[in-house]
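Reader: I am a first-year student. Please take a close look at one part of this model, and then tell me how the rest is arranged around that starting point.

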Amino acid sequence: MSLLEVEDLRVSFATEDGTVKAVDGVSFAVDTGQTLGIVGESGSGKSVANMTILGLTRSPATTIEGRIRFEGKDLAELSAEELRQISGNEIAMIFQDPLTSLHPFYKVSKQLIEAVRAHQDVGKDVARRRAVEMLKLVGIPDAERRVDNYPHEFSGGMRQRVMIAMALINEPKLLIADEPTTALDVTIQAQILNLIRELQERLGMAVILITHDLGVVADVAREVNVMYAGRIVEKGTLDQIFYDPQHPYTWGLLGSLARPDRPRVPRLAQIKGQPPSLLAPPQGCHFRPRCPHAFGRCVEVPELEQRAGEPGHLDRCWLSAEQKRTLRVVAEGQIGLEVPAA
Amino acid sequence: MTGAATEPLAPGTRSGEDSLLEVRDLVKHFPIKRGIVIDREIGRVRAVDGVDLDVRKGETLGLVGESGCGKSTLCRAIIQLIPPTSGSVRFDGREIVGLRPREMRELRREMQIIFQDPYASLNPRKRVGQIVGDPLKLHGLASGQELRRQVQELLEVVGLNPEHFNRYPHEFSGGQRQRIGIARALALRPKLVVADEPVSALDVSIQAQIINLLDDLQDEFDLTYIFVAHDLGVIRHVSDRIAVMYLGKIVEIGPADAVYDNPIHPYTLSLLSALPIPDPKANAAREQIVLEGDLPSPANPPPACRFHTRCPYATEICSTEEPQLRHFGGGHWAACHHPLNVSEPAAAAA
């Protein structure tokens, strides 16, 4: 049994314009010490799926189906109060924007102490010592003094560290990091990614890293799920996804990238069009309208299963193994969806 | 350091052609004021602090650096959206700093800008036809049916449906909005387009579309680009030459491949090495130089070499003497006392 098992999760929101199926049958699992990367563009459902784990999408307008088992307990069945015991304690989450995740009116010390005392029966002094220790661990210089600063007195990278400190202060078993470095410069991003990796080794956490940046995925994750329009379209190890991609959307993502480590290619292999509206997603494969290789069968939804990939490498695409091998190569040694004419 | 203008560029980077833009010792300081009745200046943010730069006709100059390094301010000071504190900008051979508003208005036709945020840079209360057509109208270039025809042509050029003339910005996606911003910038047939983070707010698959579009338009309309981005992959793909900025100064400038493959300034090297590569094997092979600390405040930059507080190679001279931009051959310039990837003779000759 894995630490976290999400099974056939479906999340839909009732809006004035109709029902938005944000997550449409998503299953994944994470083990202790493992890092799962979830890649997708805006609207792919990657954040909604993970916010639902901690009950953050619950509202009268939301319908949630499926099972979310954490150490065997089904989180979807817990009350808000019971979930609060787990969130911030056994499962912690960090977000893209540290400024909106920290309370601007309270000193960092107060917020960190509160985080400890919400889950552990310790005195203020002990909690404060723990807060200072944590700030040191995440690399904030002069932590004894800085702990009494307000969030606005920290720079963006330092604020992100404070948020990581708060997330990790109760030594969670699972950390969900939703675009943790997107708002940061590359030099600061490198510091934060190294920090997450280091803390993971030290504390033996499981990490779910949600990002749109394939560079960040290649740097941190071991297993990768690629999401598109509410579904996982491909799932595999890091090497399988990058070197033997099975789904045309994954080809498109890889081809769209401007590589910093290679001289320029004449044209980027783009994906035409834009992601579908989740109010009225296309029938069958959601990627069908943008896929140059779509054919008759694509109006049926392909299941996520092992097709042409190695064992454990799953995808949702009807193309044959032979077609996948040849169609994904758009130029010598370059994977992509299609190279547009100039 | 006006030598940057006279030195030949590397072969293959359109040498021999004229400069469209010559920037000399450009400075933009923002005063920090305090006081209610009487404003007293208590300090200055040295956002751009003495920049020399040439942009050749038809090339794309990429500008990179961390947030707060002054790259956006530099762009705005170049096209006179904000008045520079001092320095000179020559556009097509003509000095444009200190022009009168009427003369400047004429010149605006030739210099346009595309902004980062496709949501904030379009007026939500105007129709697309108005947004794209207003520049033409204001300059008295077209009206009535002719205006409409030209706007529809522009929409088509940037890949939008000309029938959508009467729609409002909120009816479009982020990528489509950025296309509207591009159509507006092209309306006056400018010579120079400053693209300030034009793809940062877009999804990866849409980014590639916009980059390919900008590439096509450059050929079609004979454009010169200054392209600002913090995504180093994007910058390498679009740029002929690249300038690296740190705390208001250019620390390295040269042909794109030279800067990426053989960075001379330690700051450039650390920027590049910090970048995760979207290829697991290449990424694992990458040697990382992790910089300590954050960017110092541009209100109080370190003395001499501004990078010395974070530089792994810094010695005493770096904190006492400011390095000047030197030419290391092939149009590759850097301002560093301890240049990397440079042979001894080249360093001595520089």
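Author: A:Thr15 stands opposite A:Gly18, which belongs to E2(A). These residues are in a predicted model, where local features need pLDDT of at least 70 and side-chain atom pairs count only at pLDDT 80 or more, while totals for chains, interfaces and linings use all residues. Residues are numbered from 1 along each chain as its sequence is written, and chains are lettered from A and ligands numbered from 1 in the order in which they are written.

The part to look at closely is a hairpin, formed by E1(A) and E2(A) with two residues between them. Helices (H or I, at least four residues) and strands (E, at least two) are DSSP runs numbered from the N terminus. E1(A) and strand E2 (residues 18-30) of chain A are antiparallel, and ten bridges join them; two strands pair if DSSP finds at least two bridges between them. Strand E1 (residues 4-15) of chain A is also joined, by eight bridges, to strand E4 (residues 62-70) of chain A, again in an antiparallel arrangement. On that side, A:Glu7 has A:Arg67 of E4(A) opposite.

The hairpin also matters for locating the domains. An automatic or database assignment, the source of the bounds, splits chain A into domain 1 (4-221) and domain 2 (250-327). Their C-alpha centres lie 30 Å apart. Eight residues of domain 1 of chain A are in contact (C-beta atoms, placed from the backbone, within 7 Å) with six residues of domain 2 of chain A. On the domain 1 side, E2(A) supplies the largest share, four residues.

From here the view widens to the other chain. Chain A has 38 residues in contact with 37 residues of chain B. On the chain A side, the elements giving two or more residues are helix H7 (156-168), helix H8 (186-203), helix H9 (214-220), helix H10 (238-243) and helix H11 (248-256). The largest share, six residues, comes from H8(A). For the complex, the predictor gives an ipTM of 0.85 and a pTM of 0.88.

Chain B has 13 helices and twelve strands. Its C-alpha trace spans about 65 × 60 × 40 Å along the principal axes. Of the contacts in chain B between residues at least 6 apart in sequence, 64% join residues at least 24 apart.

Eight of the strands of chain B form an open sheet with mixed pairing, in the order E6-E7-E8-E3-E9-E10-E12-E11. Strand E6 (111-114) and strand E11 (326-327) of chain B are at the edges with a single partner strand each, so each has one side left without a neighbour in the sheet. Within the sheet, strand E3 (residues 60-64) of chain B runs parallel to strand E9 (residues 241-246) of chain B, and four bridges join the two. B:Gly62, for example, has B:Ile242 in E9(B) as its bridge partner.

Last comes the question of confidence. Chain B has a mean pLDDT of 89 (pLDDT is the predictor's confidence in each residue, from 0 to 100), and 95% of its residues reach 70 or more. Over residues 1-16 of chain B, pLDDT stays under 50, and there the model has 31 contacts beyond four places in sequence.

How values were computed: Contact = placed C-beta atoms within 7 Å.
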